[in-house]
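Biologist: Please walk me through this model one point at a time. I will ask, and you can give the reasoning before the result.

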Amino acid sequence: MTESESDISFMREALREAERGAGSGEVPVGAVVVHGTEIVGRGRNQPITTNDPTAHAEVVALREAARTLGNYRLTGVRLYVTVEPCLMCVGAMVHARVGTLLFGTREPKAGAVVSSQQALDHPALNHRVEVVEGVLADESRELLQRFFQARRQASRANE
């Protein structure tokens, strides 16, 4: 896949959000919503710190974008996320009318775009989201691996 400079730049912003989440003890997933050439929403995983099971990076970013644009319909926006979205986040993207999803690395257990399910391909959906996979995939995967490796080491040290 040929990545444009703007796609790389926006995914780097999503990676920064993921790093901020990791600094708070959250699984490092980050997202940005782009309307035209402007970031209108940012998010990082926050379910632990906010006690909110829906506070995934994508949902947080979509909520901020909706507030910024003054509309829950985000028709045509691009959502950049470091890790393949789960089923809940896929549903949120469809309801928001996201135009394009660009994600970094696959999530083999809960990824609902290409890994465990292909939810965006369900024939009953009333909206189609274009998908671009693999933007800064190595960086996204390495961030997750470092986070979970550190968590496992800390767990062993506490045994």
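Biologist: In which strand does Leu102 lie, and is Leu102 buried or exposed?
Modeller: This is a predicted model, and in it Leu102 belongs to strand 4, residues 100-105. The relative accessible area of Leu102 is 2%. Buried means under 20%, so Leu102 in strand 4 is buried.

Biologist: Which residues is Leu102 in contact with, leaving aside its neighbours within four places in sequence, and how many Å apart are Leu102 and Val135 in space?
Modeller: Contacts of Leu102 beyond its sequence neighbours are Asp7, Met11, Arg78, Leu79, Tyr80, Val81, Val132 and Val135. Val135 is 33 residues from Leu102 in sequence. From C-alpha to C-alpha, the separation of Leu102 and Val135 in space is 6.8 Å.

Biologist: Thr105 is also found in strand 4; is Thr105 buried or exposed?
Modeller: Thr105 touches Thr82, Val83 and Glu84, and also Ala137, Ser140, Arg141 and Leu144, not counting residues up to four places away in sequence. Its relative accessible area is 6%. With the limit for buried at under 20%, Thr105 is buried.

Biologist: Which residues have the most contacts inside the largest nonpolar core, and which element gives the most to this core?
Modeller: The largest nonpolar core has 27 residues, and Val33, Val98 and Leu101 have the most contacts inside it. At least two residues each come from strand 1 (30-35), helix 3, strand 3 (78-83), helix 4 and strand 4. The element that gives the most to this core, with 5 residues, is helix 3.

Biologist: How many residues are in the second, separate core?
Modeller: Among the members of this second core are Met11, Val32, Leu136 and Leu143. The core is separate, and its residue count is 13.

Biologist: How do helix 3 and helix 4 run relative to each other, roughly parallel or roughly antiparallel?
Modeller: Helix 3 (residues 57-69) and helix 4 (residues 87-96) pack with their axes 9 Å apart and at an angle of about 20°. Angles under 35 degrees count as roughly parallel. Helix 3 is therefore, relative to helix 4, roughly parallel.

Biologist: What residues meet where helix 3 packs on helix 4, and how many of them are charged?
Modeller: From helix 3 come Glu58, Val59 and Leu62, and from helix 4 come Met88, Cys89, Ala92, Met93 and Ala96. By class, the contact has 7 nonpolar and no polar residues, and its charged count is 1.

Biologist: Which residues of helix 4 are buried, and what covers them?
Modeller: The buried residues in helix 4 are Cys89, Val90, Met93, Val94 and Ala96. The cover over the buried residues of helix 4 includes helix 3, strand 3 and strand 4.

Biologist: Helix 1 and helix 5 cross as well; at roughly what angle?
Modeller: Helix 1 spans residues 5-23 and helix 5 spans residues 137-157, and their axes come within 11 Å. The two helices are roughly parallel to each other. Their axes cross at roughly 5°.

Biologist: How do the residues of the contact of helix 1 with helix 5 divide by class?
Modeller: Helix 1 brings Arg12, Leu15, Ala18, Glu19 and Ala22, which meet Glu139, Ser140, Leu143 and Phe147 in helix 5. The division is 5 nonpolar, 1 polar and 3 charged.

Biologist: Asn51 and Leu136 both have a positive phi; which of them is buried and which exposed?
Modeller: Asn51, with phi near 50°, lies in the loop between helix 2 (47-50) and helix 3. Leu136, with phi of about 55°, lies in the loop between strand 5 (130-133) and helix 5. The relative accessibility is 69% for Asn51 and 6% for Leu136. Asn51 is thus exposed, and the buried one is Leu136.

Biologist: Where is Val40 found, and how many Å separate the C-alpha atoms of Val40 and Ala66?
Modeller: Val40 is found in strand 2, residues 38-44, and is buried at 4% relative accessible area. Beyond its neighbours within four places in sequence, Val40 is in contact with Val33, His35, Glu64, Ala65, Thr68 and Leu69. Ala66 is 26 residues from Val40 along the chain, and their C-alpha atoms are separated by 8.3 Å.

Definitions and conventions. Residues numbered from 1 in each chain as written. Predicted model: local features only at pLDDT ≥ 70, side-chain atom pairs only at ≥ 80, totals over all residues. Heavy atoms only, no water. Axes fitted to C-alpha atoms, helices over the stretch in contact; angles between N-to-C directions. Helix = DSSP H or I, 4+ residues; strand = E, 2+ residues; numbered from the N terminus. Parallel < 35°, antiparallel > 145°, perpendicular 65-115°, else oblique. Contact = heavy atoms within 4.5 Å. Nonpolar A, V, L, I, M, F, W, Y, C, P; charged D, E, K, R; others polar. Buried < 20%, exposed > 50% of the residue type's maximum accessible area, 1.4 Å probe, protein only. Core = buried A, V, L, I, M, F, W, Y, C linked by side-chain atoms within 4.5 Å.
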